[in-house]
Amino acid sequence: MTTEDIKNIKKLLSSPKQIVIIPHKNPDGDAIGSTLGFLHYLKQYDHEAVIIAPNDYPDFLKWMPGESSILKYDQQQDDCDRQIISADLIFTLDFNSLSRIGNMQTTVLKSSSIKIMIDHHQQPDDYARYMYSDVTMSSTCEMVYNFIDMLADTEKINSDIATCLYTGIMTDTGSFRFSSTTSATHEIVSILIEKGADNANIHNQVMDTNSYERLQLLGKALSNLKVIPEYKTAYISLTQAELNSFNFKKGDTEGFVNYGLSLKGVIFAAIFIESQQDNIIKISLRSKGDFSVNEFSRSHFEGGGHTNAAGGKSDLNMEGTIDKFISILPQYKKDLKAQ
Ligand code: 5GP
Ligand code: MN
């Protein structure tokens, strides 16, 4: 993002606009935190701004200020289509390709609005007029803070904005542990706490919301955990029948993949989760060090993400997906061994 871009965006935002803010499908803490944080910022001016999420998100995000105003595209498509078409500006947050918003992309492409991307995923597509893309950033929430700073407007950051941005930074950095966490991240987090983010309460709201069934499902996932020491790899599988037997709800498997990665000596972890509704196996991949799960997922499982965290999918059944995964590992033997 150049100073010229910032000047232009400042000019655009200097008069009331109709603005749509969009997070990716199956939004996570960073997607909801960044869109809500930015919404609360825009709301301080005379804009008409709305967040349209492609679909619903887990209950552990449903306490966030302003959350109930988020429209879900799959629940009220006609209304959402109208708003996307008539928008002056569309901000797309926390994703790098319109394929990440599912069938909503058709309307977004039809809309003559000016698109602005704020995102930290690798290899962004070229659909936005203005792009603030930085893969070194811990989170899109950290970037929204920087963006408001670039607009020279940090004094507008109130406790709602601070709360939302804190939440996304916390969730995308695994509570400030991942290597994407920098001193700048901590500086911003410190400012957000000063501005009213109640850090202890946010951790409680997001982390301490386990249902009994979710813990039982975690037990099942851990008993399904397999390790392949030769490739420093671990994986977990959960079939739809297993999910059903623990009364699975959206978000229940969040973080499970990290248990594989917490094993001593393991640097590559995967979780395979069957979705009967989408007729796919949804895959989450995590790594430590230089082994790029973004590249692995792009090459083999129609996905992507970051070096150390990526997602993807498979159209094979569970057995076929796991067989495929295992059969690919020898190609990466050198990279996995080198770590
Ligand atoms: P998760 O495994 O938590 O769903 O996602 C890990 C990271 O990869 C997130 O940053 C997420 O946005 C990204 N990601 C997840 N699924 C996909 C996918 O299917 N395609 C791409 N390009 N990125 C994904
Ligand atoms: Mn993110």
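This is a guided tour of a predicted model, stop by stop, with something to select at each one.

**Stop 1: the manganese ion**

Start by selecting ligand 2, the manganese ion, and show the side chains that coordinate it. Four residues supply the donors: Asp-30, Asp-94 and Asp-172 each through OD, and His-120 through NE2. The coordination distances run from 2.2 to 2.4 Å. If you keep the sequence panel open, you can follow the donors along the chain with the spacing D-x63-D-x25-H-x51-D.

Now colour by secondary structure and look at the middle two of that pattern, Asp-94 and His-120. Asp-94 sits in the loop that runs from strand 4 (89-93) to helix 4 (105-110), while His-120 belongs to the loop between strand 5 (114-119) and strand 6 (130-133), so this pair ties together parts that are 26 residues apart in sequence.

Switch on a surface for a moment: are Asp-94 and His-120 buried or exposed? Asp-94 has a relative accessibility of 1% and counts as buried. His-120 is buried too, with a relative accessible area of 1%.

**Stop 2: ligand 1**

Next, select ligand 1 and display the 13 residues around it. Arg-100, His-121, Lys-282, Ser-284 and Arg-286 are the ones that come nearest.

Three contacts deserve a distance label. In the side chain of His-121, an N or O atom is 2.7 Å from an oxygen atom of ligand 1. The side chain of Arg-286 also places an N or O atom 2.8 Å from an oxygen atom of the ligand. For the third, turn on the backbone at Gly-311, where a backbone N or O atom lies 3.3 Å from an oxygen atom of ligand 1.

How much of ligand 1 does the protein cover? On its own the ligand has 490 Å² of accessible area, and the protein covers 81% of that.

To see which elements build the shell, highlight strand 10 (280-287), strand 11 (304-305) and strand 12 (309-314), the elements that give two or more residues each. Strand 12 makes the largest contribution, with four residues. Colour the shell by residue type and you should find eight polar residues, three charged and two nonpolar.

**Stop 3: salt bridges**

There are six salt bridges in the structure; we will visit some of them.

Stay with strand 12 and pick Lys-313, which lies in that strand. Its side chain meets that of Glu-302 in a salt bridge, with N and O 3.2 Å apart. Glu-302 is in the loop between helix 12 (293-300) and strand 11, and the two residues, 11 apart, link distant parts of the chain. Glu-302 is exposed at 54% relative accessible area, whereas Lys-313, at 26%, counts as partly exposed.

Then select Glu-230 and Lys-333, whose closest N and O atoms are 3.1 Å apart in another salt bridge. Glu-230 is found in the loop between strand 7 (226-228) and strand 8 (233-238), and Lys-333 is in helix 14 (residues 333-338), so the pair ties together parts that are 103 residues apart in sequence. Both ends are partly exposed: Glu-230 has a relative accessibility of 42% and Lys-333 has 32%.

Finally for this stop, go to Asp-56 and Lys-62, a salt bridge with its closest N and O atoms 3.1 Å apart. Asp-56 is partly exposed, with a relative accessible area of 22%, and Lys-62 counts as partly exposed at 30%. Add Asp-59 to the selection, as salt bridges with shared partners join Asp-56, Asp-59 and Lys-62 into one network.

**Stop 4: helix 5**

Select residues 140-150, which make up helix 5. Why is this helix described as largely enclosed by the rest of the structure? Nine of its 11 residues are buried, so the surroundings close over most of it. Among the buried ones you can pick out Cys-141, Met-143, Tyr-145 and Phe-147. Move on past the end of the helix to Ala-152, where phi is positive, near 55 degrees.

**Stop 5: helix 9**

For the last stop, select Leu-215 in helix 9 (residues 212-223). At 43% relative accessibility, Leu-215 counts as partly exposed. Draw a line from its C-alpha atom to that of Thr-253: the two are 38 residues apart along the chain and separated by 9.8 Å.

Technical notes: Residues are numbered from 1 along each chain as its sequence is written. Chains are lettered from A and ligands numbered from 1 in the order in which they are written. This is a predicted model: local features need pLDDT of at least 70, side-chain atom pairs count only at pLDDT 80 or more; totals for chains, interfaces and linings use all residues. Side-chain values use heavy atoms; hydrogens and water are left out. Donors are N, O and S atoms within 2.8 Å of the metal (3.2 Å for Na, K and Ca); water is not among the atoms, so sites may look incomplete. Buried means under 20% relative accessible area, exposed over 50%, partly exposed in between (1.4 Å probe, protein chains only). A residue is near a molecule or strand if one of its heavy atoms lies within 4 Å of it. A polar contact is a pair of N or O atoms within 3.5 Å; within protein, one must be able to donate a hydrogen and the other to accept it, and residues adjacent in sequence count only if both atoms are side-chain atoms. Accessible areas come from the Shrake-Rupley method with a 1.4 Å probe; for residues, only the protein chains shown count as cover. Ala, Val, Leu, Ile, Met, Phe, Trp, Tyr, Cys and Pro count as nonpolar, Asp, Glu, Lys and Arg as charged, and the others, Gly among them, as polar. A salt bridge is a side-chain nitrogen of Lys or Arg within 4 Å of a carboxyl oxygen of Asp or Glu.
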